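This report walks through a structure for a reader who has not met it before. Please look over the sequence and the model before reading on.

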Amino acid sequence: MIRVENLHKHFGGFHAVDGASLEIATGSITGLIGPNGAGKSTLFNVIAGVHKPTSGTVTMDGEDITGLPPHELFHKGLLRTFQIAHEFPTMTVRENLMMVPGGQTGETLWNAWFQRGRIAEEEAALLKKADEVLDFLTISHLKDERAGNLSGGQKKLLELGRTMMVEAKIVFLDEVGAGVNRTLLNTIGDAIVRLNKERGYTFCVIEHDMDFIGRLCDPVIVMAEGKVLAEGAPDTIMQNEAVIEAYLGRGLKNKVKTGAAQ
Amino acid sequence: MDILNALVAILNYVVVPATAYGAQLALGALGVTLIYGILRFSNFAHGDTMAFGTAITILITWALQSAGIGFGPLPTALIALPFGIAATALLVLGTDKIVYSYYRKVRAAPVVLTMVSVGVMFLMNGLTRLLIGVDEIKFADGARFLISAQEFKKATGLAEPLAIRSTQAITVITAAIVVAALFWFLAKTRTGKSMRAFSDNEDLALLSGINPSRVVAMTWIIAAALATIAGTLYGLDKSFKAFNYFQLLLPVFAAAIVGGLGNPLGAIAGGFIIAYSEVAVTYAWKKVAMYLIPGFQPDSLLQLLSTEYKFAVSFTILIIVLLFKPTGLFKGKSV
């Protein structure tokens, strides 16, 4: 379980996250929504160790992980994807996946030259695993493609695949659906659900696509102006007055109401 | 016969020296390009890293020579080279720990790191001069020639000589081995791939199982090795003088940029392009022209630029390439 307590992140005078407290239960697919500028991505970045918080704490299963650098969080099983998918563009899709697990024998200069046998074994195992992951994600045909040549949606799948190369506990997905077509989005959604059910991954998903959130997530946490505004099941959230107001503004809210009344 | 003579003259005065020089520049540029690609700044201290590595290698060469240890027909410096590399690696790792690591931590802009490296450059330059002085040092021993001018003339009966010094042959062979090892390393090993991954996408590398401090250390060690090898080969081929290495920084950077900063293949191509242009532009073509055009008696030497201006050649090429292909010939990262 991830617990965020009274988290602040200030950039100069701007309070991007302004006292947010929330919990992400183990085994859940928690949605994190909110209008642009609500502080969702900043919150992600603070939890994932990209930014140090101004104040507040983040704990993972009771352990304080506040402000740890990303690669240490990675070893604790906390992984993330990016709003704009990141990849190693000059490497193949398969190599991208094989890069992920840490602590490989070939990592030191000495072993790289003098432990060829052990490295070959490890790499064969990694290769097999990478191919399984690509199968799971239905992108096996792309395995020898340079990752830089993938479409935006395929890169998002690849990002998801990266989390499968190690024993991830919790994965933070930042706008996994942004700029992805419906069909591919469904593939991504299916993969998320299967990973959650079959492998017990906990997910925290930032997303603007309400259908996607509604289909996948329970509970949904709503942020606005750096704070948590509401939390609950997707359909109750959608009915929440404060949420509608934060998203649509007062004028539009009335229109929605009259629209609903008709 | 005249055509053959002209060819041999070109081979002797342009191709052979330019190939050796090109290999030295390529090794230097590889170091610059690796630092740029992975640590993301232009390391102006690279020329003086070369000088420092060479100085240590020379000191150890002298120690070996006075102990009566030699390497047969090969220069003793080749035995000293690994020690020079080790010392230089320690120096750059120390510099990184004391200086650069701080700027990485505060995520300083690349230009700040570059300016910091200028400071490091002056410091290293002073350190090298303190160690070995400012005089010109020749430290090549072993066999002088692979092919000597007389032998060649006697064997072929041509009027023009062809001489290949053993240091030139050693330079090219060593460079080829080093480059092959480096490319194998970058393409095939986990460490090499981590370095490429780090160069491709630093954020993502941090969020993978890649240990950033190990990648950084590895980059410095390899850069130190490349610098020391390049510097020692250059010193063997010509001579060692601390200030010459400081000046060598210019063609080395030009080579890296012309090839495309951050692109290892580009660094090699850039090294040879710069070397060949420098040598070709400063060579007096009179003799070749006289062989090729019978009865031609030019008044001048047919030399485009006198040797003192050879650094201008690197800059001219640099400017032309940056104007028309800002990312370099082999598509590196934009400068």
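## A covered helix

In this predicted model, one helix of chain B makes a convenient starting point, for in α7(B) the residues B:R190, B:T191, B:G192, B:K193, B:S194, B:M195, B:R196, B:A197, B:F198, B:S199 and B:D200 are buried. Helix α7 of chain B spans residues 190-200 and is mostly covered, with eleven of its eleven residues buried.

## The side that touches chain A

Helix α7 also matters for the contact between the chains, to which chain B brings 22 residues and chain A brings 25 residues. On the side of chain B that touches chain A, the elements giving two or more residues are α7, α8 (202-206) and α9 (212-237) of chain B, and among these α7(B) gives the most, with seven residues. By residue type, that side of chain B divides into nine nonpolar, seven polar and six charged residues.

## Chain B as a whole

Chain B is built with 13 helices and two strands. Its radius of gyration is 21 Å, close to the 20 Å that the globule rule gives for 335 residues, so chain B is as compact as a globular protein of that length. Taken along the principal axes, the C-alpha atoms of chain B fill a box of roughly 70 × 55 × 35 Å.

Of the 335 residues in chain B, 48% are buried. Among the contacts in chain B with a separation of 6 or more, 75% come from residues 24 or more positions apart.

Methods
Residues are numbered from 1 along each chain as its sequence is written. Chains are lettered from A and ligands numbered from 1 in the order in which they are written. This is a predicted model: local features need pLDDT of at least 70, side-chain atom pairs count only at pLDDT 80 or more; totals for chains, interfaces and linings use all residues. Helices (H or I, at least four residues) and strands (E, at least two) are DSSP runs, numbered from the N terminus. The radius of gyration is taken over C-alpha atoms; the globule rule is 2.2 Å times the number of residues to the power 0.38. A residue is buried if 20 or more other C-beta atoms lie within 10 Å of its own, exposed if 12 or fewer, and partly exposed in between; C-beta atoms are placed from the backbone. Two residues are in contact if their C-beta atoms, placed from the backbone, lie within 7 Å. Ala, Val, Leu, Ile, Met, Phe, Trp, Tyr, Cys and Pro count as nonpolar, Asp, Glu, Lys and Arg as charged, and the others, Gly among them, as polar.
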